[in-house]
Amino acid sequence: MKIDRRNMLRGAGSAALAASLTQMFQMHRSRAQSAAATTKVVFFYTPCGLQVDLWHPSETGKTFNLKQLSAPLEPHKADSIFMDGVAMYPLTDHQGGSQQMLVGDDKDVKTMDLELGDMLKATSPFGSLQLGIQCRISKGGTPTVPHPHFSRVSLAEEVFPEENPLVAYDRVFSGLDTGMGAAAAALQLAQKKSVLDAANADLVSLSASLPTSEKRKIDSYTTALRDMEHRLSDPQTMMACNLAGFNPTGFTVPQVADSNQAAYNQADKRPVVGDLQMEIARLSLACGRTRAVTLLWEHTNAHHPIVGVDKFGVHDASHYTAPPGQLTGNATPEQIDAKLTAWNAYRVWYAQRLAQFVQMLKDTPDTVGSLFDNTIIFHCSELGLGHRTERVPFMFLGGGALGFKLGQAINFTGQVPAYTKDPHNGLQQLAHSSLLTIIANKMGLPLKGTRYGYSGPQALDPMSLGIV
Amino acid sequence: MRRVVHRQRAFRRPLTDAEKARYLAQFDPALTGGQFKTGVELTIRSLLMSPSFLFRSELGKDDGKGTFTLTPYETASALSYLFWGTMPDAALFASAASGALANKSEIEAQARRLLADPRGRGEVARFFYEWLESPRAYVATKDQVAFPKLFATATSLDAIRSAMREEQDDFVTHVVFDSTKHFDELFNATYTFANADLAAYYGLPTAGVGATTQKVELGADSTRGGLLTLGMFLFGHARTTASSPTQRGHMIRASLLCDDIPPPPANVDTATAPATPGNTTRQQILAVTANGVCPTCHQLQDPIGFGLEGFDGAAVARTMDNGEAVDASGAINGLTGPQGEALTFNGARQLSQLVAANPRARGCFTTNYYRFARGFDAKGVDTCAVNKLKNDLVGSDLALPELFVKLALQDSFTKRRSAEVVEP
């Protein structure tokens, strides 16, 4: 009987440290960039669903009208695919929905953005990039949100998005020509190499003591160091990239002891943080720093308000039958009206941000066409009809150069086979995993078996759904 | 700066000469531009990126017999992370530096010192918090109509949950460190800990109970007392609008008795229908699980959970449920007492007594503490280590702190085996 020589190395830090390290692993991936126009994807999450009949067009086909909540997307209607009748399978409630949008089932251990990142790191310095806008702060501004919300490496390991836009910017664009001057840039590069060399030397020394069975425990660490090393020595690192104009308002993050109190977590700073994170996403794609971005706007328990809308946040507003500040209980008719008004205001605000991001990509030239033409924007929330995971507002925007049939509204309700087991037994709506399969196909991610696909009777060919 | 680089805290051991040279090199003026502050920054960045900072070493020294013995510094970290959940303090480092930690007598002395420290109490409380799946109390949604006392004010729910956490932490550390220190008191205690708000919420006498959490005697006729009736346990293992004999029974069966119960079949709707007047939670559970394959597993867990029906889904004691009298009788099916008798009971007190007296519960406690301490499920030779500890707790009724110390004194705590070694 073989006995593992276990426990020779243990993670030394707290969960936060482990998460930070994991993030570092994901953030520092490096390879040369292709000169040709590349396909790109942005997963754009907004929280807590919406009133579906105020979002989904009533019509299908190429002639359709937007509703109250989707109206901000009117300038981009011809570049969008609105999809009604899509369910977030297999969830029945919204907890964990911001993670579920990136996997088809629990069998999909790694979320698609990270899976893509593993593949794309061969062609971009950062395989994938996870950016968040106040997505880790919970009620009261203290604990990290308790449910799985983020990209995951495994069922037990999540990758926390970077919430501080200034840190994200520094990580993604450090080493590029930022106008600091050749001498300063060379010194910065030398410092980074020196730090990396020290870590490498420690790794070599440690590895000499490790038996083969233990080396796998530091595989991720080793890979991260190699990637960083590659990035620092990659000619791409020194590629000129037009970063002028970033952070026009001079947003700063003064040091505080509790990160939950940091400037980027303040409710009144959400608009500027959102602007900066979207700009980092745009620049990352434009400068070839990555080809896959996940933008998380808050999380499924979002309690942070938008100034001027209400004081309890979108999660509270989505529980509109409960009194203000409560998730359960019976509200008065006046309270219900007020909550619905607030919920709709939140959703319009998010739709405005999505429209803003689309315009930013449209205005950015790519090798061929615009960034928007070569980028799949996959929008979703986690809820639809009646606080359930039906008629979820999934939509595609962009990717016209990739064959997406833009400028249409589709309703899959009743058009696909019914689920035959719980939790959606009898429901005739498209499983969102079909949409993931389309993204995988367009990004060139090889899928084995039912990865990111639904394995039940709804074994449709996603490429024949009229989306592409 | 040389002093900083020479410090051992980052790696939890002294730096080697090569490491010192490596980090001092970060002060090269070619890198710092002559700025001392920049050198400090680069050194700290290097230290924080090192695998020796990020990973806890348990490599050990080769004994030449296929086994490796932890160095004194590695032993120091193993002890401090076990009993404190953090790095060694100066005394432990000093013990490692002197080489004393190579001896079991010193390991025992340090283990006792660490356990006696307030941080030792905190880590023991954390073990119970994780073992009893207490985080569920924080994510459990409670209905405002079903449990109006939780929503009396805007801060009631948070305040009650916070008081329940203090109740649990103070209760378990009191038993382990201040009272009898024995396993059975965890279940048979006739007291709990509460502040005035929690006492009032539970319906306990509030005379003499202040704003801070304190020991509160419950009386012989109280249904409350022991781990199974702690607020976090009852609150977390319950439904949004009601109690849950299934969840509570499953928790006791799986985590306190270490029996495996398979999940329900994939095509079963586990949502329980809304309560109908005149039907207790118990009656509803019995009705929906009476047919098909359901009883096979439910009879192993629900009859245990029925014993806690004297408490609603928000941990408040009750005698009526949905307009009907509560029936808290039940049984631990599949297990028998020392004379082969059926393990039947009526109410939480009797259920707790049965669990406390059952050898399987003590064995399960030991297994779970071993998991907590070592970070893996025991198998192979480690099974022997767990069994030795089980024998101590079951056969000798070892005091719990002694059990914790004994774990640190086992050979398996300081020895590692090579993957190439084949067990006979």
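## How chain A is split up

Chain A comes in two parts: domain 1 covers 32–176 + 241–464, and domain 2 covers 178–238. Measure from centre to centre over C-alpha atoms, and domain 1 of chain A and domain 2 of chain A are 33 Å apart. Keep in mind that this is a predicted model.

## The nonpolar cores

Now for the inside. The largest nonpolar core is made of 91 residues. Leu295(A), Phe378(A) and Ile439(A) have the most contacts inside this core. Helix H10 (residues 333–362) of chain A supplies the largest share of the core, with 9 residues.

There is also a second core, separate from that one, with 86 residues. Its members include Tyr73(B), Met164(B), Leu228(B) and Leu389(B).

## A look around Leu295(A)

What does Leu295(A) touch, leaving out residues up to four places away in sequence? One run of partners is Val42(A), Phe43(A), Phe44(A) and Tyr45(A). Leu295(A) also touches Leu131(A), Gln277(A), Met278(A) and Ala281(A).

## How confident is the predictor?

For the complex, the predictor gives an ipTM of 0.75 and a pTM of 0.72. Chain B has an average pLDDT of 90, and 94% of its residues score at least 70.

Where in chain B is confidence lowest, and where is it highest? The low end is helix H1 (residues 2–6) of chain B, with a mean of 56. The high end is strand E4 (residues 191–194) of chain B, at 98. One stretch to treat separately is residues 420–424 of chain B, where pLDDT stays under 50. For those residues, the model has 8 contacts beyond four places in sequence.

Conventions:
Residues are numbered from 1 along each chain as its sequence is written. Chains are lettered from A and ligands numbered from 1 in the order in which they are written. This is a predicted model: local features need pLDDT of at least 70, side-chain atom pairs count only at pLDDT 80 or more; totals for chains, interfaces and linings use all residues. A nonpolar core is a set of buried Ala, Val, Leu, Ile, Met, Phe, Trp, Tyr and Cys residues joined through C-beta atoms within 7 Å. A residue is buried if 20 or more other C-beta atoms lie within 10 Å of its own, exposed if 12 or fewer, and partly exposed in between; C-beta atoms are placed from the backbone. Helices (H or I, at least four residues) and strands (E, at least two) are DSSP runs, numbered from the N terminus. Two residues are in contact if their C-beta atoms, placed from the backbone, lie within 7 Å. Domain bounds come from an automatic or database domain assignment. pLDDT is the predictor's confidence in each residue, from 0 to 100.
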